[in-house]
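Reader: I have a model open and want to go through its empty spaces and one helix contact. Can you take me through them?

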Amino acid sequence: MGTHSRAAGALLARASTCTCRRGTVNWGRMRKKCPSTHSEELRDCIQKTLNEWSSQISPDLVREFPDVLECTVSHAVEKINPDEREEMKVSAKLFIVGSNSSSSTRNAVDMACSVLGVAQLDSVIIASPPIEDGVNLSLEHLQPYWEELQNLVHSKKIVAIGTSDLDKTQLEQLYQWAQVKPNSNQVNLASCCVMPPDLTAFAKQFDIQLLTHNDPKELLSEASFQEALQESIPGIQAREWAPLWLLRYSVIVKSRGVIKSKGYILQAKRKGS
């Protein structure tokens, strides 16, 4: 194990939380085949970020042994020019991976705003939170996260909020309960081929935009994160770490519908800390 890996391993062994963030990898520059799935893209982003971060660790950081570790590189994320903010739409999708705390929602949104240099996000879609195998998603599972999203709308950190993969009954229950109504719901057409008629009718009645997506059911698992961590920093006790949440963002030029930039922000915690 090289000097850089030893330093990275020592820092991660003492930290309780780590955050990785990166704009989407430039595949041409890496001379690698473009990933075929979102999961592959994310894994490569995590590995490249950790590799670059570990090669640039300063001696001061090693002496400090911070409890919260920023595993990132300064050039990895492009802040939005304030003069161009009105021309851009900043959207995000939040995946709760290993945390049952609704505070993860606020942490993720606050970090996205800080990283991109903006006061608010134009829209945030929350993926269905993790539930036990064999258990159907219910309103009770969604409520803690939606309450935090509503608070973020009230505090003007988010303009509009939406859901992902809710059927008609689930969406209707959320709509009737929520103070801030969902303005969109993503549907994975890989699992249903066409929009369900009852969902389409309900969305049309209450002006909810139906969008499509092709994210896998589990974009980032604990095991896949640990594998990426182990491959990037050999010798580390990767099984001690678990991802809490993942936020994927995109910055779109409104007038042209062109994606100017996109990337990921991820937070993980060392188990038992």
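Reader: Start with the largest cavity. What is its lining by class?

Author: This is a predicted model. The lining of the largest cavity has seven nonpolar, one polar and two charged residues.

Reader: Which residues line that cavity?

Author: Cys20, Arg21, Arg22, Leu42, Cys45, Ile46, Thr49, Leu246, Tyr264 and Leu266.

Reader: And which element gives the most?

Author: Helix 3, with four residues. Strand 1 (17–23), helix 3 and strand 9 (258–270) are the elements that give two or more residues to this lining.

Reader: What volume does the largest cavity have?

Author: About 60 Å³. A search of the whole structure turns up one cavity of 30 Å³ or more.

Reader: Back to helix 3. How do its axis and that of helix 10 cross?

Author: Helix 3 (residues 38–55) and helix 10 (residues 222–232) have axes that come within 9 Å and cross at roughly 35°. The crossing is right-handed.

Reader: Which residues make the contact?

Author: From helix 3, Arg43, Ile46, Gln47, Leu50 and Asn51. Helix 10 brings Ser224, Phe225, Glu227, Ala228, Leu229, Glu231 and Ser232. By class that contact has five nonpolar, four polar and three charged residues. Ile46 of helix 3 is in this contact and also lines the largest cavity.

Reader: Now pockets. How much space lies in the largest one?

Author: About 960 Å³. It is lined by 36 residues, and the closest to its centre are Ser128, Pro129, Asp165, Lys217 and Glu218. The lining has 18 nonpolar, eight polar and ten charged residues.

Reader: Which elements supply at least two residues there?

Author: Among them are strand 3 (88–96), strand 6 (184–188), helix 8 (189–192) and helix 9 (197–205).

Reader: And the second largest pocket, how much space is in that?

Author: About 610 Å³. Of its 26 lining residues, Ser91, Ile125, Gln186, Ser250 and Ile252 lie nearest the centre. Elements giving two or more residues to this lining include helix 3, strand 3, strand 6 and strand 8 (241–253). Its classes are eight nonpolar, eleven polar and seven charged residues.

Reader: What is the mean pLDDT of the chain?

Author: The mean is 89, and 92% of the residues reach 70 or more. Over residues 25–31, though, the pLDDT is below 50. Beyond near neighbours in sequence, that stretch has eleven contacts in the model.

Reader: Noted. How should such a stretch be read?

Author: Where pLDDT is low, the predicted coordinates should not be read in detail.

Notes: Residues numbered from 1 in each chain as written. Predicted model: local features only at pLDDT ≥ 70, side-chain atom pairs only at ≥ 80, totals over all residues. Heavy atoms only, no water. Axes fitted to C-alpha atoms, helices over the stretch in contact; angles between N-to-C directions. Left-handed = near helix turned anticlockwise from the far one by under 90°. Contact = heavy atoms within 4.5 Å. Nonpolar A, V, L, I, M, F, W, Y, C, P; charged D, E, K, R; others polar. 1 Å grid on protein atoms, 1.4 Å probe; cavity = no way out; pocket = protein on both sides within 12 Å on 5 of 7 lines; lining within 4 Å. Points joined across faces, edges and corners; volume = space filled by probe spheres on them. pLDDT = per-residue confidence, 0-100.
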